[in-house]
Amino acid sequence: MYGNILSANAHARPLPPARLGAMITTDAPAASVHAAGSAVKAAFDRDGCLIHPHPVLAAEQISRAARALYDIRDGRFETGRPPPDSNWKPGDDVRRLCKIEQPQRADRAVLEAISSPALGRLAAAATGAREFVQAWWVQLLIKPPESAAQNTQVGWHQDESYWSGWEQGSELFTAWLALDVVAEDSGPMVFVPGSQRWGLRPGGDFYGQDLEALQEKLTTGAGGGGGTDAWRELPVCLPAGGFSLHHRLLIHGSRTNRSSRDRLGLAIHLRTERSQPKDGAWEARYLDDPTTCPKIWKAS
Ligand SMILES: O=C(O)CCC(=O)C(=O)O
């Protein structure tokens, strides 16, 4: 899959489509994580995204976490801690896109899933983290199959436009962890590789449903032209337990789920030691609580 991303970029010097993911999902110490991961970092720097189409959780962990997603959606909180205020409330129409904030506070199966050491090692390799990778905010996402009445697309956007509580240049990125198979017809997340180099652009909207209009705004809007790279779309198809990574400035969105199953996943917002929250920022609310914001990789 790394090969697919790399070969899709006509400007890039081709890197061998090595099984990089497999190399760094071993129990390697930090130094060898970075040695094995230098090609991963080069790919992430260039494309602003990576797809790891291999499970990083055991089958039993995946099914416990998937069950937990439905428990949380339905208002059953294993730890007794409800998630903080969310766009979704128990009892809402299940044909809507369900997005719940910090679900790992409500269920330890979710905490365990987001703490995957293999995910942490790949995230460290992709960014070149030297001290740690920490999950600072998580979103549960259940995208139901298409229904005439509801809009479940995710409009083109850049995550950074929602994260004003971090000092400029903070190293922030996102892992999207699949808890069921995500196929081309499931309404997978779609990346625009290379778009992280276009800078922060006006006009993105997570809840926008007119993706063509959003693309127009993001590429030709008030901020100027669309950068040097052409608009190219990469669907993020994953096995259950697989994950992707994307840069805070990468343009991404997702379309309707045309399959017969819910699309189940967790968006795990991550940071490295090269990040600093501003005083009083909501983004820093749970940073000191390891049961909400675990460090999923630390230098040994
Ligand atoms: O789940 C989706 O389709 C979009 C998620 C997203 O925007 C993100 O993880 O940053």
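This briefing describes the fold, the core and the ligand shell of a predicted model. Local features are reported at pLDDT of at least 70 and side-chain atom pairs only at pLDDT 80 or more, while totals for chains, interfaces and linings use all residues. Residues are numbered from 1 along each chain as its sequence is written. The chain has eight helices and 11 strands; these are DSSP runs numbered from the N terminus, with helices being H or I of at least four residues and strands E of at least two.

**Overall burial and contacts**

- Of the 300 residues of the chain, 46% count as buried. A residue is buried if 20 or more other C-beta atoms lie within 10 Å of its own, exposed if 12 or fewer, and partly exposed in between, with C-beta atoms placed from the backbone.
- Among contacts in the chain with a separation of 6 or more, 83% join residues 24 or more positions apart. Two residues are in contact if their C-beta atoms, placed from the backbone, lie within 7 Å.
- The largest nonpolar core has 69 residues, and A123 and L177 have the most contacts inside it. Strand β3 gives the largest share of this core, eight residues. A nonpolar core is a set of buried Ala, Val, Leu, Ile, Met, Phe, Trp, Tyr and Cys residues joined through C-beta atoms within 7 Å.

**Strands β3, β5, β8 and β10**

- Strand β10 (residues 263–272) has nine of its 10 residues buried, so it is largely enclosed by the rest of the structure.
- Strand β3 (residues 132–143) runs antiparallel to β10 and is joined to it by 10 bridges. K143 has R263 in β10 as its bridge partner. Two strands pair if DSSP finds at least two bridges between them.
- Strand β5 (residues 172–178) is also antiparallel to β10, with seven bridges between them. Along this pairing, L172 stands opposite R271, and L177 stands opposite L266.
- β5 also pairs with strand β8 (residues 243–247), in the antiparallel sense and over five bridges. Here A175 of β5 is opposite L245 of β8.
- Seven of the seven residues of β5 are buried. Both faces are covered, with L172, T174, W176 and A178 on one side and F173, A175 and L177 on the other.
- Leaving aside neighbours within four places in sequence, L177 is in contact with A113, I114, L119, F243, G265, L266 and I268.

**Open sheet**

- Four strands form an open sheet with the order β4-β9-β6-β7 and antiparallel pairing. β4 (154–157) and β7 (234–235) stand at the edges, each with a single partner strand, so one side of each is left without a neighbour in the sheet.
- Strand β6 (residues 189–191) pairs with β9 over three antiparallel bridges. M189 of β6 stands opposite S254 of β9.

**Ligand shell**

- The residues around the ligand are L141, V154, D159, T174, W176, M189, H252, S254 and A267. A residue is counted here if its C-beta atom, placed from the backbone, lies within 6 Å of the molecule.
- The elements that give two or more residues to this shell are β5 and β9 (252–254).
- By class, the shell has five nonpolar, three polar and one charged residues. Ala, Val, Leu, Ile, Met, Phe, Trp, Tyr, Cys and Pro count as nonpolar, Asp, Glu, Lys and Arg as charged, and the others, Gly among them, as polar.
- T174 and W176 of the shell are on one and the same listed side of β5.

**Helices**

- Helix α4 (residues 38–47) has V40, A43, F44 and D47 as its buried residues. They cover an arc of only 100° around the axis, which puts them on the same side of α4; the arc is that of the directions from the helix axis to the C-beta atoms.
- An α-helix has 3.6 residues a turn, so residues three or four places apart point the same way.
- G48 follows α4 and has a positive phi, near 75°.
- In helix α8 (residues 211–220), L214, K217, L218 and T219 are buried. Their cover includes β4.

**D180**

- D180 is in the loop between β5 and β6. With 21 other C-beta atoms within 10 Å, D180 is buried.
- Leaving aside neighbours within four places in sequence, D180 is in contact with A66, A240, R261 and L264.
- S63 and D180 are 117 residues apart in sequence and 8.5 Å apart in space, C-alpha to C-alpha.
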